[in-house]
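Colleague: Could you take me through the metal and ligand sites of this model, one question at a time?

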Amino acid sequence: PLVTSKEMFKKAYKGGYAIGAFNVNNMEIIQGIVEAGKEENAPLILQVSAGARKYAQPVYLKKLVEAAVEYSGLPIVLHLDHGDSFEICKACVDDGFTSVMIDGSKYPFEENIALTKKVVDYAHSKGVVVEAELGRLSGIEDAVSVSERDAAFTDPDEAVEFVERTGVDSLAIAIGTSHGAYKFKGEPRLDFERLEKISSMLPNFPLVLHGASSVPQEFVEICNKYGGQIPGAKGVPEDMLRKAAEMGVCKINIDTDLRLAMTASIRKYLAENPSHFDPRQYLGPGREAIKQMVIHKMRDVLGCSGKA
Ligand SMILES: O=C(COP(=O)(O)O)N(O)CCCCO
Ligand code: NA
Ligand SMILES: [Zn+2]
């Protein structure tokens, strides 16, 4: 059924595992993820960004997710990723989403609180849960100084005050991850001391990791072998994600790894079958690559297999 993340986060927190939150914007991506969830009997968070709503039109995504629920029978959350205004969050709540993110992390502390509280009050009145963000994921790798990194990462004391004053259901924190395929210039590093502090000060409270793709070199190499150009792409090592999942992180966002899996397999297919031009011939393998990638994530990284 279509569910909120309340129950699945409670179980994930206690069980020391995380739920995968996968970005979706077309049929094959949704199908690949849902097939993986079926095979692994895992709960799913299908998340839609503002860009995905523009690309596909909201009604298509809503119906595709409803189809996924009907087809799989799995507990599925329909989540708005990085909502940037009260209006888009309200629209999604009114449109049947079971979870919304309001990302006020670019605003000063007090403004982030005010905006988040406004969304929480509305969403909770409709039985919808809310994710917020405190701290900035910006590519702080460039920020060489410790003080700059410190300024960007989530402050544990602020996190406690933020949760208390907004009533938010989960919090995306900044501890060194960033969106996209180029997450680290040097050695990958997450601030686990900070994560430890935040989770000890917010016991039983679900934390969220954005920018958590691992950017498997296997797919980077296939992309680059068949006409792609993504040199130096680097992500979060999987063992760091497993560790975070045991430290209060209940939701791990994955978009880039889906893109790489699908793109690598489509580039390879087209290169090896120059005479083929039926979209099903390359979208099918793209979908299968996503399925296999998500099965691996559920089994070997998130630990949510068998938890539906
Ligand atoms: O946290 C993430 C995904 O992070 P990643 O880029 O590591 O897959 N998202 O919120 C998805 C939207 C950002 C574009 O990727
Ligand atoms: Na989100
Ligand atoms: Zn994100």
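Modeller: Before we start, buried means under 20% relative accessible area, exposed means over 50%, and partly exposed is in between, with a 1.4 Å probe and protein chains only. This is a predicted model, in which local features need pLDDT of at least 70, side-chain atom pairs count only at pLDDT 80 or more, and totals for chains, interfaces and linings use all residues. Residues are numbered from 1 along each chain as its sequence is written, chains are lettered from A and ligands numbered from 1 in the order in which they are written, and side-chain values use heavy atoms, with hydrogens and water left out.

Colleague: Which residues coordinate the zinc ion (ligand 3)?

Modeller: Donors are N, O and S atoms within 2.8 Å of the metal (3.2 Å for Na, K and Ca), and since water is not among the atoms, sites may look incomplete. Along the chain the donors of the zinc ion (ligand 3) are spaced H-x96-H-x30-H. At 2.0 to 2.1 Å, the coordinating residues are His82 (NE2), His179 (NE2) and His210 (ND1).

Colleague: How many residues apart in sequence are the parts that histidine 82 and histidine 179 tie together?

Modeller: Strands (E, at least two residues) and helices (H or I, at least four) are DSSP runs, numbered from the N terminus. Histidine 82 belongs to strand β3 (residues 76-83), whereas histidine 179 is in the loop between β6 (170-173) and α9 (192-201), so the parts that this pair ties together are separated in sequence by 97 residues.

Colleague: Is histidine 82 buried or partly exposed, and what is its relative accessible area?

Modeller: Histidine 179, a fellow zinc donor, is partly exposed at 46% relative accessibility. Histidine 82 is also partly exposed, and its relative accessible area is 21%.

Colleague: How far apart are the sodium ion (ligand 2) and the zinc ion (ligand 3)?

Modeller: The sodium ion (ligand 2) is coordinated at 2.7 to 3.0 Å by donors that include His79 (NE2) and Asp81 (OD). Of these residues, histidine 79 is buried at 1% relative accessibility, and aspartate 81 is buried at 6%. The separation between the sodium ion (ligand 2) and the zinc ion (ligand 3) is 5.8 Å.

Colleague: What share of its exposed area does the protein bury for ligand 1?

Modeller: An oxygen atom of ligand 1 lies 2.6 Å from a side-chain N or O atom of serine 213, and another pairing places a ligand oxygen 2.8 Å from a backbone N or O atom of glycine 180. By the Shrake-Rupley method with a 1.4 Å probe, ligand 1 taken alone exposes 380 Å², of which the protein buries 90%.

Technical notes. Polar contact = N/O pair within 3.5 Å; in protein donor to acceptor, adjacent residues only side chain to side chain.
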